[in-house]
Amino acid sequence: ISNLFEKKVLIILSVFICLIFLLGIFGIIDYQMVKNYKEPIFCYYKTVIRDGGSKVYKGVGYTIINYYNPILNEHKLRIGILHYPKDPFPPESRLLK
């Protein structure tokens, strides 16, 4: 009985590790796509923030935000794993506060 239990645990653990690995690969691919000014492939949600044109892309377990600051005319790309990435621009350089 313990040998059968160990096999089941090993299979479940292997599937879990493979799933995390695949989701990590999806996040890296999407990040590189946004970095190269293309639309991400694996994101399920996209929106534009009303701060001058920042774009938010959400995937399974990650969020990619292409922050744009129209006052500084600058883009900054951030990725958050299981959280929302912090805005890299100071609040005083934003159009909306």
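In this predicted model, the secondary structure of the chain consists of 1 helix and 4 strands, and these elements follow one another from the N terminus in the order α-β-β-β-β. The radius of gyration of the chain is 19 Å, well over the 13 Å that the globule rule gives for 97 residues, so the chain is more spread out than a compact globule. Along its principal axes, the C-alpha trace spans about 65 × 25 × 15 Å.

With regard to the interior, 25% of the 97 residues of the chain count as buried. The largest nonpolar core is made up of 6 residues, namely Val34, Cys43, Tyr57, Tyr62, Ile64 and Leu77. When neighbours within four places in sequence are left aside, Val34 is in contact with Tyr57, Ile64 and Leu77, as well as with Pro40 and Asn66. Among the contacts in the chain between residues at least 6 apart in sequence, 22% join residues at least 24 apart.

With regard to the surface, the accessible area of the chain comes to about 7,100 Å², of which 67% belongs to carbon and sulfur atoms. In soluble globular proteins, nonpolar side chains tend to be buried together. A nonpolar patch is nevertheless found on the surface of this model, formed by Phe21, Ile25, Ile28, Ile29, Ile41 and Phe42, which together have about 550 Å² of accessible area. One of these residues, Ile29, lies in helix H1, which covers residues 2–35. Ile29 has a relative accessible area of 32% and is therefore partly exposed, since this class lies between the limits of under 20% for buried and over 50% for exposed residues.

Key. Residues are numbered from 1 along each chain as its sequence is written. This is a predicted model: local features need pLDDT of at least 70, side-chain atom pairs count only at pLDDT 80 or more; totals for chains, interfaces and linings use all residues. Side-chain values use heavy atoms; hydrogens and water are left out. Patches are made of residues with over 30% relative accessible area and no salt bridge: like charges are joined within 9 Å, nonpolar side chains (Val, Leu, Ile, Met, Phe, Trp, Tyr) within 5 Å. Accessible areas come from the Shrake-Rupley method with a 1.4 Å probe; for residues, only the protein chains shown count as cover. A salt bridge is a side-chain nitrogen of Lys or Arg within 4 Å of a carboxyl oxygen of Asp or Glu. Helices (H or I, at least four residues) and strands (E, at least two) are DSSP runs, numbered from the N terminus. Buried means under 20% relative accessible area, exposed over 50%, partly exposed in between (1.4 Å probe, protein chains only). A nonpolar core is a set of buried Ala, Val, Leu, Ile, Met, Phe, Trp, Tyr and Cys residues joined through side-chain atoms within 4.5 Å. Contact means heavy atoms within 4.5 Å. The radius of gyration is taken over C-alpha atoms; the globule rule is 2.2 Å times the number of residues to the power 0.38.
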